[in-house]
Structure formats: C-alpha cells, structure tokens
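Thanks for coming. I have one short item today, so please look at the screen while I bring it up.

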Amino acid sequence: MSYEKVKQAANISIGTKQATRMVELGKASEVFVANDADPRITIKMVNLCKKMGVKVTYVDSMKLLGKACGIEVGAAMAAVVDE
C-alpha cells in the first residue's frame, strides 16, 4: 500500500511548497498526491514530475496521507527524498 511507503521513507517533504522544491532540485524519487486535494494545485506538481521524470503515486485521502507522514492535518502531497 502506498501509505506504507510514506511511513517507511527515511526522508519526506510534506506539502506543496516543500515537495515542489525537492522535485525541482532533483532530490525527490517519488511524489504522493491525494486524490481529494484541489486539482488546481496538484496538476502543476503532476506536470512538473512528468517533466523531471519523477514517479507520481495517487492516494485516496489527504487526511490519511497526512497521518502516514506523521502530522495531525491533511497533506495534499508528499515527496520521498533521496539524500
């Protein structure tokens, strides 16, 4: 399950701004995007990931993605970071 990958990742960047920065810097190996997040926000990230060759994985819920990241609020996206 995708949430397990997020929980097991050593380094993650949570949220739109931080995940976008990691993709732009070429440090992200995979980006998780919540299906219930605002498409006006997520479409930009999906296009950036395609351009940069980063795998995009869709998950069902912002709330569950946030929980998998270890935060109390929902997360629209999270990037697994390779350092």
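I will go through the overall fold, then the sheet, then the salt bridges, and end with two single residues.

First, the ground rules. This is a predicted model, in which local features need pLDDT of at least 70 and side-chain atom pairs count only at pLDDT 80 or more, while totals for chains, interfaces and linings use all residues. Residues are numbered from 1 along each chain as its sequence is written, and side-chain values use heavy atoms, with hydrogens and water left out.

The chain has 4 helices and 4 strands. Both kinds of element are DSSP runs numbered from the N terminus, with helices being H or I of at least four residues and strands E of at least two. Starting from the N terminus, the order is α-β-α-β-α-β-α-β. The radius of gyration is 11 Å, close to the 12 Å that the globule rule gives for 83 residues, so the chain is as compact as a globular protein of that length. That radius is taken over C-alpha atoms, and the rule is 2.2 Å times the number of residues to the power 0.38. The C-alpha trace spans about 30 × 30 × 20 Å along its principal axes.

Of the 83 residues, 42% are buried. Here buried means under 20% relative accessible area, exposed means over 50%, and partly exposed is in between, with a 1.4 Å probe and protein chains only. As for contacts, meaning heavy atoms within 4.5 Å, take those in the chain with a separation of 6 or more: 78% of them are between residues 24 or more positions apart.

Now the sheet. In what order do the strands of the open sheet run? The order is β1-β4-β2-β3, 4 strands with mixed pairing. β1 and β3 are at the edges with a single partner strand each, so each has one side without a neighbour in the sheet. Neighbouring strands are turned by 20 degrees against each other on average, direction ignored. The axes behind that angle are lines fitted to C-alpha atoms, for helices over the stretch in contact, and angles run from 0 to 180 degrees between N-to-C directions.

In general, strands of a sheet pair through backbone hydrogen bonds, either parallel or antiparallel. Two strands count as paired here if DSSP finds at least two bridges between them. Strand β2, residues 28–34, and strand β3, residues 55–59, pair in the parallel sense over 5 bridges. Within that pairing, Phe32 stands opposite Thr57, and Val33 has Tyr58 as its bridge partner. Together with helix α3, residues 39–52, these two strands make a right-handed β-α-β unit. Right-handed means that, with the strands pointing away from the viewer, the path from the first strand over the helix to the second runs clockwise.

Next, the charged pairs. How many salt bridges does a search of the whole structure find? It finds 4, where a salt bridge is a side-chain nitrogen of Lys or Arg within 4 Å of a carboxyl oxygen of Asp or Glu.

One of them joins Glu4 and Lys7, at 3.8 Å from N to O. These two are 3 residues apart in helix α1, residues 2–8, which puts about one helical turn between them. Glu4 is partly exposed, at 37% relative accessibility.

Another joins Lys5 to Glu30, with the closest N and O atoms 3.6 Å apart. Lys5 is in helix α1 and Glu30 in strand β2, so this pair ties together parts 25 residues apart in sequence. Glu30 also meets Lys55 in a salt bridge, at 3.7 Å. That one links β3 and β2, again across 25 residues. Lys5, Glu30 and Lys55 are thus linked in a network of salt bridges. Glu30 is buried at 10% relative accessibility, Lys5 is partly exposed at 41%, and Lys55 is partly exposed at 46%.

Last, two single residues. Ser13 lies in strand β1, residues 12–14. Is Ser13 buried or exposed? Ser13 is buried, with a relative accessible area of 10%. Leaving aside neighbours within four places in sequence, its contacts include Gln18, Met22, Met77 and Val81.

Met62 is in helix α4, residues 62–69, and is partly exposed at 26%. With the same neighbours within four places left aside, Met62 is in contact with Ala34, Asp36, Ala37, Gly74, Ala75 and Ala76. Met62 and Asp82 are 20 residues apart in sequence and 23 Å apart in space, C-alpha to C-alpha.
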